[in-house]
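Dear colleague,

I am passing on the structure below for you to look through. My notes on it follow, and I would be glad if you read them with the coordinates open.

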Amino acid sequence: MTMPLMHPKRKNPVLRTRQMNLPPWARGRVALGITAAAAEGRFELQVCEVCGTVQYPPREACHKCLSARLRWRAQSGEGELLATTTLHHSNDLFFRERLPWRLGLIRLDAGPTLMVHMHGEVGEAPARVRVGARLDRAGQAVLIGFPNEGSAHMADDKMLREMTSDPKFRKALVTDGKTEVGQAIVRALVKAGADIVWVGHAEPWKKTGGLEDITALPQVTLVPLDLTNGRSVSELAGEIGGKVDIVINNAEVHRSFGIGARRGTDVARAEMDINYFGLLRLAQEFGPALKGRSADGTTGATAWVNLLSIYALSNFPPHGTFSASKAAAHSLAQCLRAEMRPAGIRVINVFPGPIDDEWNQHVPPPKVAPGALASAIVKALRDGVEDVYPGDVAQEWLERWRDNPKILERELAAGGS
């Protein structure tokens, strides 16, 4: 049984913050298929389309029939624990800091035998276990053996917490608390056990419903933050940048219509100024502070969350300029992820379908409720994934986009959704 995580002691400000040592992250291109699936919370292995063999480790050809027709397919992970061992010595800097480290040999019901990291609640062999894939601090997939029935605090396992971004006992910044989505995110973070939630609000003279309710929560502190103003972002970063563990950028401007239905570029500029340049300003100011604190104990800086849109994958003409701004933000977020990875900071991109808000009033259901979107973000932090697609519309679009992006583009141009 995992002991529940205790509230960490306050850090001595005189002590120098440790620098992150990452686990080994050299992978061949073929093996990145496991990483791509783990980034979305799935455990996949190669399956031969000719003879049906499930194989591990990944290869260019089937080890049984030599066919190159291999596809990645989701696996249940059910299997039998054959043996375990505990490492007490390692030449790798990452593992030396975390010894002892337990490993297990597991034979999957699907066929392959794997060497995996072991969750602390898994007993000795023989035993039934379940294998899952998680991203480590280097952003690469690793395999973990889990008990079939875990305790209520199994997420507090020391090894597992390293591979997730659980908000418990951490400090978070939510960039826009004036929207229903922002307020739902704040409530979800508080419910998840966050210590402090700083909530940004621009134009404080504007009265907004619901803001008073979240400020009544003892964990919540309002802070002035205008992502269109570089000075505002810089001042806030100077004040709290060295304390934030999780940044959630939910600030956005969303207007309907495309190119020909609106004259001028003012609205498109406003969308880009928040959705793209706002993210850029935030990353330039808060990014270095997060990277410097990624090894700061059990509650060190751990994640950056971007609220994007499924429209970032393929332009939705009725929301054309908004789609374009989110596509630009998506590209920037990929750059941010690459720059954050050497410090072990996870960048999570959230691609919801239409949100049930004022800008999607004329969009027919199904739509994503703000509370459901907030829950999906907290779940992504707890599961340690990189890409999330909340809602039925987002899931359908993703499937169609992966099947054939050109067909999806034509369908949307013809009025489909």
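Which residues does Leu 173 touch, not counting residues up to four places away in sequence? In this predicted model, the list consists of Trp 198, Val 223, Leu 236, Ile 240, Val 244, Ile 246, Val 247, Ile 248 and Phe 286. Leu 173 is also among the residues with the most contacts inside the largest nonpolar core, which has 43 residues, and it shares that description with Val 244, Phe 286, Trp 304 and Ile 310. At least two residues of this core are supplied by each of helix H6 (230-240), helix H8 (277-292), helix H9 (320-340), helix H11 (392-403) and helix H12 (405-413). Another core lies apart from it and has 34 residues, including Ile 348, Val 368, Ala 374 and Val 385. As general background, nonpolar side chains in soluble globular proteins tend to be buried together.

Helix H11 deserves a separate word. Its twelve residues should span 16 Å at 1.5 Å a residue, and because its end C-alpha atoms are 17 Å apart, the expected and modelled values agree. The buried residues of H11 are Val 393, Ala 394, Trp 397, Leu 398 and Arg 400, and these pack against H12.

Next come some points of backbone geometry that you may wish to inspect. A cis peptide bond, with omega of about -5 degrees, joins Ala 125 and Pro 126, and Pro 126 is found in the loop between strand S6 (113-118) and strand S7 (127-135). A cis peptide bond also joins Pro 365 and Pro 366, here with omega of about 10 degrees, and Pro 366 has its place in the loop between strand S14 (346-350) and helix H10 (370-383).

Two phenylalanines should be read alongside these. Phe 169, although not a glycine, has a positive phi of about 65 degrees; its place is in the loop between helix H3 (158-162) and strand S9 (171-174). Phe 257, likewise not a glycine, has a positive phi of about 80 degrees, and it sits in the loop between strand S12 (246-249) and helix H7 (266-275). Is each of them buried or partly exposed? Phe 169 has a relative accessibility of 16% and therefore counts as buried, the cut-off being under 20%, whereas Phe 257, at 48%, counts as partly exposed.

With best regards

How values were computed:
Residues numbered from 1 in each chain as written. Predicted model: local features only at pLDDT ≥ 70, side-chain atom pairs only at ≥ 80, totals over all residues. Heavy atoms only, no water. Core = buried A, V, L, I, M, F, W, Y, C linked by side-chain atoms within 4.5 Å. Buried < 20%, exposed > 50% of the residue type's maximum accessible area, 1.4 Å probe, protein only. Helix = DSSP H or I, 4+ residues; strand = E, 2+ residues; numbered from the N terminus. Contact = heavy atoms within 4.5 Å. Expected span 1.5 Å × (residues − 1).
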